[in-house]
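Reader: Could you walk me through this fold, one piece at a time? I would like to see how each answer is reached.

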Amino acid sequence: MIRFIIVLSYFIQFSFSDTIVINNDFEKTLYKSTKKVFSTPENLSIKSVQKKEFSNTKKSNFAKTPNYIWTKFNLVNNTNRNKELFFRNLRPGIDYIDVYIIKNKKVLDSFFLGDLIPYNEKRVLSRKSIFNFNFEKNSSYEIYIKYQSIGAVTNQWEIFTPHNFFRVETIESMIWGIIYGIFISLMIYNSILYFMTKNSAFLFYVLSTLFSGLYLLTLNGVIYQLDLGINLYLVTISTWYFAYLYIIFILLFIVKFFNERKNSRLYRLVRSLILFQIFSLSLLSIGFYDNTYHYTTSRIDTFALLSFLFIFLISIFEFKKEKNYSLYFLIGQAIYIVCFNYYTLEVIGIIESYQYSWIILPIGLLLEVIFISLALNAKMNMVENEKVEIEQQLLEQSRFTNAGRTISYIIHQIKRPISQLGSQINLIEATSMLDKKNLPSTVEETLPKIKTTLEYINEVNHSVDTLFLNPNGKESFSLSKQLNVLISLLSDYLLKHNIEVKKEFEDIEIKTYKGSLSNVIMVILENAIYELKNLDKQRFIKISTKTISGLIYIEIEDSGNGVDCVETIFSSSYSTKLHQGSGVGLSLAKIITEKKLEGKILAINTSLGAKFILKLPIK
């Protein structure tokens, strides 16, 4: 009978108020019943607030306001033993939360929580605001809570037994560890790709991932959980800075990722969006350091939603260009814009908070950075395939170019022998017609000359096998003999421009692609002749061969003026011939040396001029 009266009295007392009843089976709950709310611009004491009238509202998520928001609810321990409970506010990022536990109109205990409370004053170090209290058996309590924050406020609290509290905290810490482990792995991987490729798209991706990760850390209270010795108000301010820097770098990433030209519409749009982010951040900074303006300037943060909308529209526009790698970017942005917009609307107090909504933004951002990383890799693979195709086309083109060049050299070389051969034949014909008596002696004297001339023509024509034909397999040949053949093909040009060739050859037998090696050496010799022909100084080309540690070194040095930029001489855009050259000669020589001959080629400046060094395996 007595128990019935107690329960009835509890029912009467709390029938028109917010009441949480704790029974023997209680493990975990979320306080989400009708709220009692009181808002005031004054910082009232708890005694003054107890006398105020609270209004009923079903809303538990309040938009940012300079006012103090007070809420209250009742708690009944309806068990026969004392019950220790942990209370955790649903949202991290609330600046100040004062909690007062009252029994029989007297304050039993008070807790001062929130992100801006110094670490040494926090009873429980966590990313959210937490307090615990031991509630006596069969007792009722009133709990008053005061909120003050430059952001939105939620009045939802999770309530746990000690066992469940530590279990949930551990699981959530593991989830955050996994999320940031993936973040850090992606950042390291793409940083390595940036240093390998020097493509700034990877750098902007890493920076956008870094600031998005920092934004998550501050927004979800993880940084507040760590005693880093940083001013806590600056940590709160940095949340906005991290968000806007993330947007700026993702916009810069878009420009580089899609290779937009400076005069394109997309480039101009992205530039305007970046300028808008900088302006927004500057305007917000006024409110950060002068609270009288904060609640006016902070309203601009909702425009960040428009930036993400534009980014999503850009991803659709690029996908329509049939760039396959842009599909990953589009998927990532579609996921993120849904998660970001939902979470932003919750954070600024427009929609209600839910118990597990904290995980929405981290998952959205994690999926976004994963899909962007996939997009980068897809583009890199596409570029690499295109590069291989271009190199193959260049190699094929070099064969035809080399063929035409070789034929030109051969024709130039055999002009004089053919002329001599015609003169010798004319001599025999004239002797036969006019001086038959001396015909035998003339034939005897002329035939050896004709034979010598024909042998020379045959030797020159044999060079077609050396340069024009490019066998698929390797062959063994004498390196010095092959170099002499190449020099002989250029002998007329060397003689015409008064260029001396100095030779220091070792007797080396090499096994490689003869045509490819000849092509590389011819490119270097032709460049040397071009550089020397107009110089008013001693002109010579020094060619030497030697073996060192199982490698063959072919060094070609000229007495020219050297190379202006050794670092870029093998670039496809480098040319010293102004409008007379394409710049692909030395670039092609590098490709052939590294891809076909499995060697290395480098250029250096010496006291004499420029020197090209070929390092090749003997076999």
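Author: Gladly, and one term comes before the strands: two strands pair if DSSP finds at least two bridges between them. Please keep in mind that this is a predicted model.

Reader: Thanks! Which residue in S17 does Glu500 stand opposite?

Author: Strands S15 and S17 are partners in the parallel sense, with five bridges between them. Within this pair, the residue of S17 that Glu500 faces is Phe540.

Reader: In which order do the five strands of that open sheet come?

Author: Strand S15 (500-504) and strand S19 (600-605) are at the edges, each with a single partner strand, so one side of each has no neighbour in the sheet. On average, neighbouring strands here are turned by 15 degrees against each other, direction ignored. The pairing is mixed, and the order is S15-S17-S18-S20-S19.

Reader: How many bridges join S17 to S18, and which residue takes a positive phi in their hairpin?

Author: S17 and S18 run antiparallel and are joined by eight bridges. One example of facing residues is Thr547, which stands opposite Ile552 in S18. The hairpin has two residues between the strands, and the one with a positive phi, near 50 degrees, is Ser549.

Reader: At the other edge, which residue in S20 stands opposite Leu602?

Author: S19 and strand S20 (residues 610-617) pair in the antiparallel sense over six bridges. Opposite Leu602 in S20 is Ile613.

Reader: Which helix packs on this sheet by touching S17, S18, S19 and S20?

Author: Two helices are worth separating here. Helix H14 (residues 479-489) lies across S15, strand S17 (540-548) and strand S18 (551-558), at about 165 degrees to S17. The helix touching S17, S18, S19 and S20 has a direction that makes about 20 degrees with that of S18, and it is H16 (residues 514-532).

Reader: Now to the four-strand sheet: which strands stand at the edges?

Author: The four strands form an open sheet with antiparallel pairing, in the order S2-S13-S7-S10. Each edge strand has a single partner strand, so one of its sides is left without a neighbour in the sheet; these are S2 (28-31) and S10 (130-135). From one strand to the next, the twist averages 25 degrees.

Reader: What is the bridge partner of Lys28 in S13, and which helix lies across this sheet's strands S2, S7, S10 and S13?

Author: S2 pairs with strand S13 (residues 157-160) in the antiparallel sense over four bridges. In S13, Lys28 has Phe160 as its bridge partner. Running at about 30 degrees to strand S7 (83-89), the helix across S2, S7, S10 and S13 is H3 (residues 162-197).

Reader: Which helix gives the largest share of the largest nonpolar core?

Author: That core has 61 residues, and Leu251, Phe253 and Phe329 touch the most other members. Several helices supply at least two residues each, including H3, H4, helix H7 (265-289) and helix H11 (360-434). The largest share, 14 residues, comes from H6.

Reader: Which contacts does Leu251 make beyond its neighbours within four places in sequence, and how many residues are in the second core?

Author: Leaving those neighbours aside, Leu251 is in contact with Val270, Leu273, Ile274, Gln277 and Ile311. The second core is separate and includes Leu483, Leu494, Met522 and Ile556; its residue count is 41.

Reader: Is Thr218 buried or exposed?

Author: Thr218 lies in helix H4 (residues 200-219). Beyond four places in sequence, its contacts include Ile223, Tyr224, Val235 and Phe242. Buried means under 20% relative accessible area. At 2% relative accessibility, Thr218 therefore counts as buried.

Reader: How far apart are the end C-alpha atoms of H10?

Author: Helix H10 (residues 326-347) has 22 residues, which at 1.5 Å a residue should span 32 Å. Among its buried residues are Phe329, Gly332, Tyr336 and Phe340. The end C-alpha distance agrees with the expected span, at 31 Å.

Reader: Finally, what is the mean pLDDT of the chain, and where is pLDDT under 50?

Author: The mean pLDDT is 79, with 81% of residues reaching 70 or more. Residues 1-17 are below 50, and this stretch has 12 contacts beyond near neighbours in sequence. Where pLDDT is low, the predicted coordinates should not be read in detail. The value also stays under 50 over residues 578-584.

Conventions
Residues numbered from 1 in each chain as written. Predicted model: local features only at pLDDT ≥ 70, side-chain atom pairs only at ≥ 80, totals over all residues. Heavy atoms only, no water. Axes fitted to C-alpha atoms, helices over the stretch in contact; angles between N-to-C directions. Contact = heavy atoms within 4.5 Å. pLDDT = per-residue confidence, 0-100. Expected span 1.5 Å × (residues − 1). Buried < 20%, exposed > 50% of the residue type's maximum accessible area, 1.4 Å probe, protein only. Core = buried A, V, L, I, M, F, W, Y, C linked by side-chain atoms within 4.5 Å.
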